[in-house]
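User: I'm new to reading protein structures and would like a close look at a single part of this one. Could you walk me through it slowly, and then through the surroundings that help me get my bearings?

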Amino acid sequence: MFDLFNKNVLLFSGLATVISTSVYVFWGPSQSKRTKSKDVCAGLQNLGNTCFLNVILQSWASCNSVITWLSDFIIRHENQSSDSLAVAVQKTLSALNETHNDMYSPVKVLDALRYRRWVISHDEQDSHELFHVLTQTLDEDTARYPRVVSLFDTDTLENSDVVYQSEKNALSRTKGLLPVLPHREMEQPFRGLLASQMECQKCGHRNPIKYDAFDSLSLNLPSISMGALTLERMLQRYISEETVHDIECIGCSKNRKPVIKTTFKKKLTIGKLPKCLCIHIQRTHWLDNGMQMKRFDSVTFPQTLHMDGFVYSKSATKDRKQGLVGGRDDCVFSFQNQSASSGVNLLRALNYDCTTQSGLHIQKPSYNSTSDINHNSPEGAMSYKLSSVIVHLGDVFTGHFICYRRSPQTVQGTRQNERWLCCSDSSVTPCTLDDVLSSEAYMLLYERM
């Protein structure tokens, strides 16, 4: 089910689209025919087991941040070729929010992916894998990186259009100049940062905070079924402390060799919240005999998700001297107490435009003075509203993907009361919020309020 997409090679997946939409009427809302309505989006044509693609496109069409990001990029770069994935996705999302369209074909999106050497067969595929294929490829398309030049070819430096660091600040291992870190005009809306903290249980030494980018959060179901679960409980479990062994500790070693290895406590929190938060509930379980099975555990999720209790922010108090913090803790590490290397890594991830403590120049985007160093807003402003839910119907070997999404007028803000739709390829039917919240979620998309 969760084999990764690879360029030139696409492995088989377990969840897919074998079951036709004519069978879906036994699983979805009771309407067998699409009702005419002024606020019903267009359906998407199934091009041969492509419901895994259709649900991603429908879910993105309900997120204003994604539509705005793609539209702004295309406006700034009018010379985009017709095979651009950004153009293909943006046109599809626009068509899905036009109420006068009955059905639209996503063939241009598939063509754009194949043009970039993604091999997408007509076999069964997984929507979460495709989500990362799309975000990765769009990230490459929309990034404005400088031309890559050889660090060994010093003769081309004078004629190059690449801006380099001063040799007083940094040099490569071969004593060559390093280019200025690239500027990203618009960060893609699903991009966030995870903050990893580690502390020695023996001497209390804390390693510098490590930041890693993410496009979605994958939450594992507990190994033993515990009945009904809540999304907040699973998020809390995701950021809970864990113990790791045989970690080299600088504090215990005190510059002695060999370096002493001890036991550390590790805590993972969200360092930077994205505009659109994608949460993936891992429902494939591997048995001891190597067989796969699908978990059907019920996970309760809210219409409004508050992320205040799961982030790592700059605010800190002087009373906290030891311990890993963030999430539900009352205080967190102070950024000023981190080493210079930690600051450089964070600023590199956020594309700042400043000279760091080690002298490296990094370009920056706009900065909100009301947010912290991680661009997280103050408490109370970290709330997300539910935009769409992707559901898989079937078992681990075969099935069908459907999507619950907000209606076009709800997305555009022209409706007084929210309206929800159930999308199964070309079939689109109105549904209730209770239908959405009681569904067996596989992927959840939340948009920052």
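Analyst: Glutamate 447 sits in strand β22, which spans residues 441-448. Please keep in mind that this is a predicted model. Is glutamate 447 buried or exposed? With a relative accessible area of 4%, glutamate 447 is buried, because the cut-off for buried is under 20%. What does glutamate 447 touch, once neighbours within four places in sequence are left aside? Its contacts include Ser62, Cys63, Asn64 and Ser65. Also among them are Lys275 and Cys276, and further along the chain come Ser383, Tyr384, Lys385, Ser387 and Arg406.

Let's turn next to helix α2, residues 51-61. How many residues of α2 are buried? The count is 11 of the 11, so α2 is largely enclosed by the rest of the structure. You can pick them out in your view: Cys51, Phe52, Leu53, Asn54, Val55, Ile56, Leu57, Gln58, Ser59, Trp60 and Ala61.

One partner of α2 is helix α6. A pair like this has a standard description: two packed helices are described by the angle between their axes and the distance between the axes. For α2 and α6 the angle is about 60 degrees, and the axes lie 9 Å apart. That angle makes α2 oblique to α6, and their crossing is right-handed. On the α2 side, the residues that meet α6 are Phe52, Leu53, Val55, Ile56 and Trp60. Facing them from α6 are Ser127, Leu130, Phe131, Leu134, Thr135 and Leu138. Sorted by class, this contact has 9 nonpolar residues, 2 polar ones and no charged ones.

A second pair makes a nice contrast to look at. Helix α4 (residues 85-96) packs with helix α5 (residues 107-115) at an angle of about 165 degrees, and their axes are 9 Å apart. Angles over 145 degrees count as roughly antiparallel, and α4 and α5 are therefore roughly antiparallel to each other. The crossing of α4 and α5 is left-handed. From α4, the contact uses Leu85, Ala88, Val89 and Thr92, while α5 brings Lys108, Val109, Ala112 and Leu113. By class, the contact of α4 with α5 has 6 nonpolar, 1 polar and 1 charged residues.

Now look at α5 on its own. Which residues of α5 are buried? They are Val109, Leu110, Ala112 and Leu113. These residues cover an arc of only 160 degrees around the axis, which puts them on the same side of α5. A general rule helps here: an α-helix has 3.6 residues a turn, so residues three or four places apart point the same way. The face of α5 turned away from its buried side carries the exposed residues Lys108 and Tyr115. What covers the buried residues of α5 includes α2, α4 and α6, so you meet the helices from both pairs again here.

Finally, a few spots in the backbone are worth finding. Most residues other than glycine have a negative phi, and most peptide bonds are trans. Asparagine 49, in the loop between β3 and α2, has a positive phi of about 60 degrees. Arginine 117, which follows α5, also has a positive phi, near 70 degrees. Aspartate 246 lies in strand β9, and its phi is near 55 degrees. At 59% relative accessibility, aspartate 246 counts as exposed. As for the peptide bonds, a cis one joins lysine 257 and proline 258, with omega about 0 degrees. Proline 258 is in the loop between α8 and β10.

Technical notes
Residues are numbered from 1 along each chain as its sequence is written. This is a predicted model: local features need pLDDT of at least 70, side-chain atom pairs count only at pLDDT 80 or more; totals for chains, interfaces and linings use all residues. Side-chain values use heavy atoms; hydrogens and water are left out. Axes are lines fitted to C-alpha atoms, for helices over the stretch in contact, and angles run from 0 to 180 degrees between N-to-C directions. Helices (H or I, at least four residues) and strands (E, at least two) are DSSP runs, numbered from the N terminus. Angles under 35 degrees count as roughly parallel, over 145 as roughly antiparallel, 65 to 115 as roughly perpendicular and the rest as oblique. A crossing is left-handed if the near helix is turned anticlockwise from the far one by less than a right angle, and right-handed if clockwise. Contact means heavy atoms within 4.5 Å. Ala, Val, Leu, Ile, Met, Phe, Trp, Tyr, Cys and Pro count as nonpolar, Asp, Glu, Lys and Arg as charged, and the others, Gly among them, as polar. Buried means under 20% relative accessible area, exposed over 50%, partly exposed in between (1.4 Å probe, protein chains only). The arc is that of the directions from the helix axis to the C-beta atoms.
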